[in-house]
Each structure stands twice: as structure tokens, then as C-alpha cells.
Amino acid sequence: MTDDTQDTPLLQEPRLWQNEKWTAKIIKNDDDDGWAVAMYKDGESEAALIGPWTMGRDKKNPKPLDGNAFITLVKTASEFVRRSEQQLHAQLHQSVTVNGQGPKMGRVTVLLDIVPDEDSPYATLTAQDEGGDVLAEIKVEAGFKLNRQSAQAWVDADFAKPGTLKTRHLS
């Protein structure tokens, strides 16, 4: 079975088109006399993407939505959402590979996983050997800056956490 239902419109009105996943709505542009199109992902109250929309021939009303425009808008909004999710993932999950202490340890990958909790955000700093085994893990502030220097300093300090949080060695 193919996913052809995504392109099957439920509503086809001049200013409102939708399918099972997306709704395109032509709205008045509050910034000027023009029009905009807002793309809503199913179940979301805020628009995933808002962009300018073309005026109709009378230069007063918006050009009506049509099938080709809707398909293009769905592709654009889907790509925008995908890129936003990738960017957020990259911000919340970072990694750096550095040299371990001496030749016996080899390369160490240091991972920072941020938990953006509204009340008390935090992050987990984890060290893994080349085989993926966890060498150490500590809880750090969500604002911890992971870079080569901070990762190397943590490895060189035998995974000791500056401050009050304790390191849990897992080897």
C-alpha cells in the first residue's frame, strides 16, 4: 500500500486546502496590504511556516490556492520542519572525539546530551571508548560548552567533574 493519501485534499477552497497532514490557509498579512499563506501541521496550533502569498489579478484579493501550489507548500513546509528538527537535535546532542590518556586508552568520544526541562534543564556528559563502551558519565549544567578543549580537559583529568557533582566510572 502506498502513501498516496498525503496528497489527497480533504478541503479545496480558494483560501483553505488540507490533507491528512497539512493545512494551507491564506491570511491577511498584518505588515502590509498583501497576503500570506500559513502552513499548519495536523494537530499543531501554531503555523509551521508562514510566507508571502501572491495577489490575484484584481490586486486586492489573494490568488486562490490550487493543487500544484498546495503540493509545493506541503513540500516546503515539510522540509522546513525537518531542518528545524535536525537543528534542534544537533543542539541537544553533541559529540567530540579526543585522545585518551596514553596509548592504552586510544580515542575517546565525549557526548553531551542536553535535557531541556522547563524547570531544571541539565545535561549528561558521557565518555565512550572506541568500542562504544561507557568510561564515565556525569551530570552537568545544560549550558555546558562542549568543544575539543573542554572534552580533552575532562579526559585528561580522569573524568573528574569540576564542582560538586560526582563522576560515575563504569569500567
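**Figure 1. Pairing of strands E1 and E2 in the predicted model.** Leucine 11 has glutamine 18 of E2 as its bridge partner. In this predicted model, E1 and E2 (residues 16–18) run antiparallel and are joined by three bridges. Glutamine 12 belongs to E1, which covers residues 11–13. Glutamine 12 has a relative accessible area of 53% and counts as exposed because this value is over the 50% cut-off. Between the C-alpha atoms of glutamine 12 and alanine 24 the distance is 9.9 Å, the two residues being twelve apart along the chain.

**Figure 2. The five-stranded open sheet.** The strand order is E1-E2-E3-E4-E5, and the pairing is antiparallel. E1 and E5 (49–53) are the edge strands, each pairing on one side only. From one strand to the next the twist averages 20°.

**Figure 3. Alanine 24 and the neighbours of E3.** E2 and E3 run antiparallel and share three bridges; three residues lie between them in a hairpin. Across this pair, alanine 24 in E3 stands opposite tryptophan 17. E3 also pairs with E4 in the antiparallel sense, here over seven bridges, and the hairpin that joins E3 to E4 runs through six residues. In E4, the residue opposite alanine 24 is methionine 39.

**Figure 4. Helix H1 across the sheet.** H1 (residues 67–92) lies across E2, E3 (22–28), E4 (35–41) and E5, and runs at about 105° to E3. The helix has 26 residues and spans 37 Å from its first C-alpha to its last, close to the 38 Å expected at 1.5 Å a residue. At the start of H1, a side-chain oxygen of aspartate 66 comes within 3.2 Å of the backbone nitrogen of asparagine 68.

**Figure 5. Buried residues of H1.** Ala69, Phe70, Leu73, Val74, Ala77, Val81 and Leu92 are buried in this helix. An α-helix has 3.6 residues a turn, so residues three or four places apart point the same way. The buried residues of H1 pack against E2, E3, E4 and E5, and also against E6 and E7.

**Figure 6. Strands E6, E7 and E8.** E6 (residues 93–99) pairs with E7 (residues 107–115) in the antiparallel sense over seven bridges. In this pair, histidine 93 stands opposite aspartate 113 of E7. E7 and E8 (residues 122–128) also pair in the antiparallel sense, over seven bridges. Valine 115 stands opposite tyrosine 122 in E8, and six residues make up the hairpin connection from E7 to E8.

**Figure 7. Tryptophan 154 and the nonpolar cores.** The largest nonpolar core has 19 residues, and Val110, Leu125 and Trp154 have the most contacts inside it. At least two residues of this core come from each of E6, E7, E8, E9 (134–141) and helix H3 (148–156). Leaving aside residues up to four places away in sequence, tryptophan 154 touches Val110, Leu125, Thr126, Ala127, Ala136, Ile138, Phe159 and Ala160. A second core, separate from the largest one, has 15 residues, among them Trp17, Ala24, Ile26 and Val37. Two of these, tryptophan 17 and alanine 24, are the residues that stand opposite each other in the pairing of Figure 3.

Definitions and conventions
Residues numbered from 1 in each chain as written. Predicted model: local features only at pLDDT ≥ 70, side-chain atom pairs only at ≥ 80, totals over all residues. Heavy atoms only, no water. Helix = DSSP H or I, 4+ residues; strand = E, 2+ residues; numbered from the N terminus. Buried < 20%, exposed > 50% of the residue type's maximum accessible area, 1.4 Å probe, protein only. Pairing = 2+ DSSP bridges. Axes fitted to C-alpha atoms, helices over the stretch in contact; angles between N-to-C directions. Contact = heavy atoms within 4.5 Å. Core = buried A, V, L, I, M, F, W, Y, C linked by side-chain atoms within 4.5 Å. Expected span 1.5 Å × (residues − 1). Polar contact = N/O pair within 3.5 Å; in protein donor to acceptor, adjacent residues only side chain to side chain.
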